[in-house]
Structure formats: structure tokens, C-alpha cells
Amino acid sequence: MGIKGSVGRAAATKVPAVAPKLTSGFVRQALARAIAGAGPLKPAAEAADALLADHHGNVDKTVKAVIDKHVRYAGTQGFVTNIGGLVTVAVTIPANITGLALIQCRMIAIIAHLRGYDLADPRVRNAVLVCLMGQAEVDRMIKKKKLPAPPMAIATAPHHDPELDTLLSNEVAVDLISRVVGKRMAVTIGRRVPVVGGAVGMTADGYATWKLGRYAAQELRARKR
């Protein structure tokens, strides 16, 4: 996990003191908004179909375009929410966490739709959240038997497990919070120039989103629509 990740995960338990309204429920809200659409962002399935048409029905090229587009989205919000110092941390940490959750959920949901998964299916929604944790964290949880299977197996499981809903909401919330808080602490400790923090935030969020997109594309293999 590394020093930054360890610091962030330890600090994640203290986030309610910084952002009392930021509970695990924001994960499900982000997922619902990512799928249904929010503000200028179209619903995930609609956006997926439009992008697929733009790429003449080539799913693989469309998936790559989806990842590239959301890396740019994540980089932009990472830059904006990481400008400033400790004075603005109470505002920017929750904004960065919720913004990143929405962008990354939407990216993975679009990939899932392109690969033939039904976004209304609770099993598929849980698989999207599992992808959101990334391969290393998923492997760790499977090894410790905290997670029954990787994303593909969860999306295609014979039955939906309601207990998995709560588990994933909590685990994804802690993982997202730890990443954002750990990044913010690492940046704040060693900098004095606000724009430097923005550049680091942009790079970190963009790279993290790229990795999650690659993982989702690898895990959510094509199914018949």
C-alpha cells in the first residue's frame, strides 16, 4: 500500500470529524448518479451508446476512449480540489472524494454497459463498486476472505447477495477516503505553492482513474447483450 496509502487509510477513520456528512452512503449516491446521469453528464448507458456510435460500433476503441475521457475529467477536478492549503481542507477533501467517486463510477458503469451488462442489475452495480477499489485491494480482500470473488464473478453470480451491498459501500468509502486524504497529506506536508498541489492532485487522480479503467476493462469481459 505504501506510506501515503497507509497514512490515508489511518486518517480515513477521522474524516467524519472533518466532513461529518461524508458517510458510506455517498458511495451509493455517486453510483446512482453516475448511472442515471447528473448535471451535464448523460446517463451512463446513453453516453456509452453515443460513444459506441462515434467509434462505428468498435467496443474496444470505445472503451479506450471512455477511459481517456474520464482520466481528463478526474485530472481536472483533481487540480481544482487540490489547490489551497489546510485552511480549505474541510471543503476540498469532501469535494475531491465525491467528485472522484462520481467520475470513476461513471467510467466503470459505461464500460460495463459496453461489455453487455445490465446496469439495473444489483449484481452489476456491486461489480462496479468492486472495480472501484482496484486490483490490489480486491486481491487483498479476496485473500482475507472479506470479498467472495472478483468483479466478473460478482456481476454474473447466480443470485444477488444483499449483505454484499453494505460491505462494499463501507469498504469503497474507506478506500476512496484513504486515497484522497493520503494524497492531500503527502502534498500538504512538502509544499508551499498552491499550484504545485493542484498539479500533483491532477496527476494522481488522473493516473488512479486510468488504472481503474484498465482494471474494469480487463475484468468485465464481453457478454451478449
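1. Start with how H3 and H7 cross: the crossing is right-handed. This is a predicted model, so take the geometry in that spirit. The axes of H3 and helix H7 (residues 122-133) sit 11 Å apart, at an angle of about 110°. That puts H3 roughly perpendicular to H7, because angles of 65 to 115 degrees get that label. On the H3 side the contact is made by Val27, Arg28, Leu31, Ala32 and Ile35, and on the H7 side by Arg125, Asn126, Val128 and Leu129.

2. Ile35 deserves its own look. Isoleucine 35 belongs to helix H3, which spans residues 25-36. Its relative accessibility is 11%, so isoleucine 35 counts as buried, the cut-off being under 20%. Setting aside neighbours within four places in sequence, isoleucine 35 contacts Pro43, Ala44, Ala109, Leu119 and Arg125. Arg125 is also one of the H7 residues in the helix pair above. There is a long-range partner to check as well: the C-alpha atoms of isoleucine 35 and arginine 106 are 6.3 Å apart, although 71 residues separate the two along the chain.

3. Next, the core. The largest nonpolar core holds 52 residues, and Phe26, Ile108, Leu129, Leu132, Met133 and Leu147 have the most contacts inside it. Helix H6 (residues 89-114) supplies the largest share of this core, with ten residues. As background, nonpolar side chains in soluble globular proteins tend to be buried together.

4. Which residues does methionine 133 touch, not counting those up to four places away in sequence? The list runs Val138, Met141, Leu147, Leu168, Glu171, Val172, Asp175 and Leu212. Leu147 appears here and also among the core residues with the most contacts. Glu171 comes back in the next point, as a salt-bridge partner.

5. On to charges: the whole structure has six salt bridges. One of interest pairs lysine 146 with glutamate 171, at 3.2 Å from N to O. Lysine 146 is in the loop between helix H8 (135-143) and helix H9 (151-155), while glutamate 171 is in helix H10 (residues 162-189), so the pair ties together parts that are 25 residues apart in sequence. The two ends also differ in burial: glutamate 171 is buried, with a relative accessible area of 13%, whereas lysine 146 is partly exposed at 35%.

6. Two other bridges are worth a glance. Arginine 123 and aspartate 121 meet through their side chains at 2.6 Å, N to O. Aspartate 121 counts as buried because its relative accessibility is 14%, and arginine 123 counts as partly exposed at 23%. The other bridge joins lysine 64 and aspartate 68, whose closest N and O atoms are 3.1 Å apart. Both residues lie in helix H5 (residues 59-81), four residues apart, or about one turn of the helix. Is lysine 64 buried or exposed? At 53% relative accessibility, lysine 64 counts as exposed, since the threshold is over 50%. Aspartate 68 is partly exposed, with a relative accessible area of 30%.

7. Finally, the overall view. The protein chain has eleven helices and zero strands. Of its 225 residues, 49% count as buried. Taking contacts between residues at least 6 apart in sequence, 80% join residues at least 24 apart. The isoleucine 35 and arginine 106 pair, 71 residues apart along the chain, is a handy place to begin looking at long sequence separations.

Methods. Residues are numbered from 1 along each chain as its sequence is written. This is a predicted model: local features need pLDDT of at least 70, side-chain atom pairs count only at pLDDT 80 or more; totals for chains, interfaces and linings use all residues. Side-chain values use heavy atoms; hydrogens and water are left out. Helices (H or I, at least four residues) and strands (E, at least two) are DSSP runs, numbered from the N terminus. Buried means under 20% relative accessible area, exposed over 50%, partly exposed in between (1.4 Å probe, protein chains only). Contact means heavy atoms within 4.5 Å. A nonpolar core is a set of buried Ala, Val, Leu, Ile, Met, Phe, Trp, Tyr and Cys residues joined through side-chain atoms within 4.5 Å. A salt bridge is a side-chain nitrogen of Lys or Arg within 4 Å of a carboxyl oxygen of Asp or Glu. Axes are lines fitted to C-alpha atoms, for helices over the stretch in contact, and angles run from 0 to 180 degrees between N-to-C directions. Angles under 35 degrees count as roughly parallel, over 145 as roughly antiparallel, 65 to 115 as roughly perpendicular and the rest as oblique. A crossing is left-handed if the near helix is turned anticlockwise from the far one by less than a right angle, and right-handed if clockwise.
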